[in-house]
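Work through the exercises below with the sequence and the model in view. Each task is followed by a solution in steps.

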Amino acid sequence: VVVEFRLVRLYRQRMGRPELSVIVPTFDRADPTARAVRSVLAQDDVDLEVVVVDDGSSPPFAFDGDPRVTILRLEQNSGAAAARNAGVAASQADWIAFLDSDDVWTPGSLRARLDAARAAGEPDRTIWGAGFIDVWPDGRHIARMPVASADPVALALICEEAGAHGI
């Protein structure tokens, strides 16, 4: 299990929109995706929406019971990048976060990251990388790459140096 966080700032008129949109691309991962979505919905003190992009799963992903969750279904599997892009296009919030369908967030992580990103002065482009934790079958937890940066180039170099893939 990997706990990972990516946050991107877009500039939109907020009026009546959620504070944060969480994009969760998925393909044929119903149980892990439901766990990921529940970890987002369990966050405290964040006005959010969750956009699950079902990238052509069979059967289609379903999640009932929370109006903050929207499922966008792509008819044909197009890959994670296309699913993320479709999720961003469908999102409503000023802040965008990406969560892989087999990852979860710890309680309070969204509020902490949003507050820290705002405290950084909200430059034209804000990218926040909070690292991840590997959880091994024997129960060991290994934390990796705790990074915060408002400079996308610096963050990409740090991630490359740390052996991380993608932002």
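What covers the buried residues of helix 1 includes strand 2, strand 3, strand 4 (69–74) and helix 3. Here, helices (H or I, at least four residues) and strands (E, at least two) are DSSP runs numbered from the N terminus, and buried means under 20% relative accessible area, exposed over 50%, partly exposed in between (1.4 Å probe, protein chains only).

The model is predicted: local features need pLDDT of at least 70 and side-chain atom pairs count only at pLDDT 80 or more, while totals for chains, interfaces and linings use all residues. Residues are numbered from 1 along each chain as its sequence is written, and side-chain values use heavy atoms, with hydrogens and water left out.

**Exercise 1.** Find which residues of helix 1 are buried, and which element gives the most to the largest nonpolar core.

*Solution.*
- Step 1: The buried residues of helix 1 are T33, A34, A36, V37, S39, V40 and L41.
- Step 2: A nonpolar core is a set of buried Ala, Val, Leu, Ile, Met, Phe, Trp, Tyr and Cys residues joined through side-chain atoms within 4.5 Å. The largest one has 22 residues, and L20, V22, V40, L48 and V50 touch the most other members.
- Step 3: At least two residues of this core come from each of strand 2 (20–26), helix 1 (30–41), strand 3 (48–55), strand 5 (95–98) and helix 3 (109–119). Helix 1 gives the most, five residues.

**Exercise 2.** Determine what the side chain of D55 reaches.

*Solution.*
- Step 1: D55 is placed in strand 3.
- Step 2: D55 is buried and has no salt bridge, that is, no side-chain nitrogen of Lys or Arg within 4 Å of a carboxyl oxygen of Asp or Glu. R73, the nearest side chain of opposite charge, is 8.1 Å away.
- Step 3: The D55 side chain reaches two backbone nitrogens, that of S78 at 2.8 Å and that of G79 at 2.7 Å.

**Exercise 3.** Locate the partners in the salt bridges of E19 and R111 and of D102 and R29.

*Solution.*
- Step 1: The structure holds seven salt bridges. In one of them, E19 pairs with R111, with the closest N and O atoms 2.8 Å apart.
- Step 2: E19 sits in the loop between strand 1 (2–9) and strand 2, and R111 in helix 3, 92 residues apart. Both E19 and R111 are buried.
- Step 3: D102 and R29 meet at 3.5 Å, N to O. D102 lies in the loop between strand 5 and helix 3 and R29 in the loop between strand 2 and helix 1, so this pair ties together parts 73 residues apart in sequence.
- Step 4: A network of salt bridges links E19, D45, R111 and D115.

Conventions
Contact = heavy atoms within 4.5 Å. Lys, Arg positive; Asp, Glu negative; His and termini not counted. Polar contact = N/O pair within 3.5 Å; in protein donor to acceptor, adjacent residues only side chain to side chain.
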